Amino acid sequence: MTKTKDTSLRIRPGRPLRGETEVPGDKSISHRVAMFGALALGTTRIRRFLPGADCLATVACLQKLGVGITWVAPTELLVYGRGLGGLQEPAEVLDVGNSGTTIRLLCGILAGQRFFSALTGDASIRRRPMERVTKPLREMGAAIFGRENACRAPLAICGQTGLLRPLHLVSQVASAQVKSAVLLAGLFAEGWTRVTEPCISRDHTERLLAAFGAQVIREDDGLTMAVAGFPELRGVDLEVPGDISAAAFLLVAASLVSGSAVTIRGVGVNPTRDGVLVVLREMGGDIRVENRREVAGEPVADITVKSAALHGVMIQGDIIPRLIDEIPVLAVAALFARGTTEIRDAGELRVKESDRIAVLAGELKKMGALVEELPDGLVVHGGETLRGAMVESHGDHRIAMALAVAGLLARGETTVRDTSCLDVSFPGFAFTLEKLRR
Ligand code: S3P
């Protein structure tokens, strides 16, 4: 695998993946610890923080909000908390880059402030739907403006003179970003703010807010989370678990390339995120999860994967939020599995960093794949031989990595163009893969 000057990645099939590795810290958790640390009293020390572009955008936004942050190592930082009422009006527009988590969670936090703030991001962020957070936040009393009646960024949030009102949001989408934005605004509302989801999305906000000292309750229906307003949050010292969404690319690559055996140490295996393990096993994957332990209130384990003959499966329903970010690479696994795989109920993929359904179908077809696009998913016909091709990332980190994995199995050379986006979530992806193939 070679990186070229024009940020293309060239991949040739060949050697198996063998050995041990770690993956960078979890992206969702890195964002949240930095943000909650800013709202806490005292210092928060974060180890194995993901220094990817998305989380660096969160750090930069917090700094513009007056939060002191010091790097003590390349993946370790100190956040000097300012307390719930201590953020300052930013003198500049807050630029979230490519990060949906940054803009949506910050909307929740900024909705409760007494000052003006404006948020924007790159072209992908400015296309993505924001109404899902701005609408409930407006119902809580926030004054939010933006393009298309606050459906798209740039967004402007005008300071509150009074308190936000607590809300019970019954959300139509299982989205951790929506849930988190409302729960975070709930920190600035008197009483309990509640969010009910159609099925459960990643629960890092709930776990971490509790670790910082907030009162957070899961109600008896299992789908409703409630947070009490105006907690006293206290800084924490924690290590971020390895990102299972980054590990997924290695898990699929090692499953597919024969002769592979890889152990990934310290991966987060939160049950709201572990769908990739469930599905790969159902496809016949050889995956062992060992040495389970808890880090920062999150389950963590070492995962060993060996190559195996995979077969097609149906992926749909409640498991979708547990593997939503892993669908691009699971589609690649399906291409090399026996039989057909159907992915349904995944319409959310159309509003990620790119329209992942259209982009996957389009790019994989360039390699000779038999893939059909559905409104809410994909049908992938496995067992075809892929040929190396020139494919495009569309500026989407998970598409770039999924295509690189496909390239490991294709005949000839694959070039993935425009891979600077890899820095969003997995800086060192190409290096890690090469190290394992040595
Ligand atoms: C994330 C939630 C998910 C996920 C994204 C990160 C988070 O998005 O796809 O990569 O950190 O809360 P949605 O909330 O839009 O489902």
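Buried here means under 20% relative accessible area. The model shown is predicted.

**View 1. Helix H15 is mostly covered by the rest of the protein.**
H15 spans residues 429-437, and 7 of its 9 residues are buried. Those residues are Phe429, Ala430, Thr432, Leu433, Glu434, Leu436 and Arg437. The cover over them includes three strands: E2 (9-11), E3 (18-22) and E16 (261-268). Two helices, H9 (244-256) and H14 (397-409), are also among the covering elements. An α-helix has 3.6 residues a turn, so residues three or four places apart point the same way.

**View 2. The ligand sits in the largest pocket.**
The residues around the ligand include Lys27, Ser28 and Arg32. Thr101, Arg104, Ser175, Ala176, Gln177 and Arg202 are also part of this shell. Ile324, Asp325 and Lys352 complete it. Three helices each supply at least two residues of the shell: H1 (27-39), H3 (100-111) and H7 (176-186). H1 gives the most, with 3 residues.

**View 3. Oxygen atoms of the ligand meet Ser175, Ala176 and Asp325.**
In Ser175, an N or O atom of the side chain is 2.6 Å from a ligand oxygen. The side chain of Asp325 places an N or O atom 2.7 Å from an oxygen atom of the ligand. Ala176 takes part through its backbone: an N or O atom there lies 3.1 Å from a ligand oxygen. Taken alone, the ligand exposes 390 Å², and the protein buries 95% of that.

**View 4. Ser124 lies in helix H4.**
H4 covers residues 123-127. Is Ser124 buried or exposed? Its relative accessible area is 8%, so Ser124 is buried, the limit being under 20%. Leaving out residues up to four places away in sequence, Ser124 touches Asn98 and Glu353.

**View 5. Gly275 is found in helix H10.**
H10 runs over residues 275-282. Gly275 has a relative accessible area of 0% and therefore counts as buried. Which residues does Gly275 contact, leaving aside its neighbours within four places in sequence? They are Ile319, Arg322 and Leu323. Gly275 and Ile327 are 52 residues apart along the chain, and their C-alpha atoms are separated by 9.9 Å.

Methods
Residues numbered from 1 in each chain as written. Predicted model: local features only at pLDDT ≥ 70, side-chain atom pairs only at ≥ 80, totals over all residues. Heavy atoms only, no water. Buried < 20%, exposed > 50% of the residue type's maximum accessible area, 1.4 Å probe, protein only. Helix = DSSP H or I, 4+ residues; strand = E, 2+ residues; numbered from the N terminus. Contact = heavy atoms within 4.5 Å. Near = heavy atom within 4 Å. Polar contact = N/O pair within 3.5 Å; in protein donor to acceptor, adjacent residues only side chain to side chain. Areas by Shrake-Rupley, 256 points an atom, 1.4 Å probe, with all protein chains shown as cover. 1 Å grid on protein atoms, 1.4 Å probe; cavity = no way out; pocket = protein on both sides within 12 Å on 5 of 7 lines; lining within 4 Å. Sits in = over half its atoms within 2 Å of the grid points.
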